[in-house]
Amino acid sequence: MTDPHRPEADARPAAVLRGLGTFLPPRVVTNHELSERMDTSDEWIRTRTGIRERYWVEPGTATGDLAVEAGARALKSAGVDTVDAVVLATTTPDHPCPATAPWVAARLGLGRVPAYDIAAVCAGFVYALANAAGLILAGVADRVLVIGAETYSSILDPADRNTAVIFGDGAGAVVLEAGRADEPGALLGFDLGSDGGQHDLIAIPGGGSRQRSGGNPPDPAGSYFTMQGKRVFVQAVTSMGGSSRALLERLGWAGDTVDRLVGHQANVRILHAVADDLGIDRERAIVNLDRVGNTSAASIPLALADAAAAGDLRPGERVLLTAFGGGLAWGSTALVWPDINPNRHHPTRPERWTP
Ligand code: COA
């Protein structure tokens, strides 16, 4: 009988995960701190979302700074110091123009490699993985640094309790290399989708050409992040569930053969609903949002690194990644977890990095 956890020999080319690095800024913001500033409570935030605390940058730190820290750690984790391309997923770039990735590549000393940003909000990291895998499979690059980095604290309305309690800052990165589909770490397939008919559910309304070309003066209030939480909740469950199911079917993986579900860390109730929908035990759903909040494009690599450090993610396990966010946009991918050593910087939890 074949072992469902061991892929059969498959020499097809694939993008393979070789290293993982993460970085959180030093300042922890607890639910109690927020409840002193706005009409909310630790109890409400914990029971409605699962979040206990998150990290916000100090003034002067931007997304690119976090991306450099995570990127450097991913390169160390992979044991490499060169790549052929840098792909950065973010909703909070350092500037509207140019992209943040070239600056990050330069700061990392990676030379004149192609470097660009991906804008798919909380689905950004899975989109960036697909994009980087595409570069590898097209023969454009043999090794790609993929980063998800965010400073949501810079776009949150401090008076909006619907959003201010949910989001956190942070960054995570992986190194992908050309390899074979039967190697642990190979990204085995993707399912991606979008629904622009619901673009207004998650939005920063102002600051773009839609507002400016209408002759409207800059409106500071319109530069804040907005979200229709209840409608987003329903869409998140159905989109991540549907996308995951489509991918699992293509891979021939039954839900109960998935060892770890690493969903976008938005809300523990969403993660449990997706697990239920797919027939995956809730205990197999990785949860670290209690400690980091919703870090948007950084969410999946931060969850992977925390799970690996806690011993909740072991080599040989089947892992399903699924994410959802503004756009609307969603995406899923899957891999067998490789024997790598994540390099993680978590200010208030001990590191588990041994070079
Ligand atoms: N503290 C206290 N009360 C709050 C609150 C807060 N931070 N935010 C909202 N409330 C209140 C509301 O005003 C409402 O009060 P009312 O009943 O008197 O009108 C009540 O709590 C319920 O609000 P509601 O929006 O219906 O709560 P909810 O159970 O839907 O939870 C979210 C709100 C945002 C936590 C939930 O909708 C959610 O997680 N949505 C998905 C968000 C997400 O994942 N976004 C990222 C996707 S990429």
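Begin by selecting K230 together with the ligand: a polar side-chain atom of K230 lies 2.8 Å from an oxygen atom of the ligand. Keep in mind throughout that this is a predicted model, and that the distances below are computed from its atoms.

With the ligand still selected, add two arginines. In the side chain of R48, an N or O atom is 2.6 Å from an oxygen atom of the ligand, while for the side chain of R161 the corresponding distance from an N or O atom to a ligand oxygen is 2.8 Å. If you now display the surface, you can follow how the protein covers 74% of the 950 Å² of accessible area that the ligand has on its own.

Next, widen the selection to the whole shell. It holds 23 residues, and the closest of them are T40, R48, R161, K230 and N267. Colouring the shell by class gives ten nonpolar, eight polar and five charged residues. The space that the ligand takes is the second largest pocket, and the elements that contribute two or more residues to the shell are α2 (42-49), α6 (161-164), α8 (229-251), α9 (268-278) and β12 (318-325). Which element gives the most to this shell? Select α8, which supplies four residues.

Leave the ligand now and turn to the aromatic side chains, where a search of the whole structure finds three pairs. One of them is worth selecting by name: the ring centres of Y152 and F225 are 5.2 Å apart and the planes stand at 70°, so this pair is edge-to-face. Y152 is found in the loop between β6 (143-150) and α6, and F225 in the loop between α7 (209-212) and β10 (226-227), so the pair ties together parts that are 73 residues apart in sequence.

The last stops concern the backbone. Most residues other than glycine have a negative phi, and most peptide bonds are trans. Against that background, select C97 and P98, whose connecting peptide bond is cis, with omega near 0°; P98 belongs to the loop between β4 (85-89) and α4 (101-107). Then move to G327 and L328, which are also joined by a cis peptide bond, here with omega at about -15°, and note that L328 is placed in the loop between β12 and β13 (329-336).

Finish at V121, a residue other than glycine whose phi is positive, near 50°. To find V121 in the viewer, look in the loop between β5 (115-118) and α5 (124-137).

Methods
Residues are numbered from 1 along each chain as its sequence is written. This is a predicted model: local features need pLDDT of at least 70, side-chain atom pairs count only at pLDDT 80 or more; totals for chains, interfaces and linings use all residues. Side-chain values use heavy atoms; hydrogens and water are left out. A residue is near a molecule or strand if one of its heavy atoms lies within 4 Å of it. A polar contact is a pair of N or O atoms within 3.5 Å; within protein, one must be able to donate a hydrogen and the other to accept it, and residues adjacent in sequence count only if both atoms are side-chain atoms. Accessible areas come from the Shrake-Rupley method with a 1.4 Å probe; for residues, only the protein chains shown count as cover. On a 1 Å grid over the protein atoms alone, a cavity is a set of points where a 1.4 Å probe fits but cannot get out, and a pocket is an open set with protein on both sides within 12 Å along at least five of seven lines; lining residues have an atom within 4 Å of a point. A molecule sits in a cavity or pocket if more than half of its atoms lie within 2 Å of its grid points. Ala, Val, Leu, Ile, Met, Phe, Trp, Tyr, Cys and Pro count as nonpolar, Asp, Glu, Lys and Arg as charged, and the others, Gly among them, as polar. Rings of Phe, Tyr and Trp (its six-membered ring) pair if their centres lie within 6.5 Å; planes under 30 degrees apart count as stacked, over 60 as edge-to-face and the rest as tilted.
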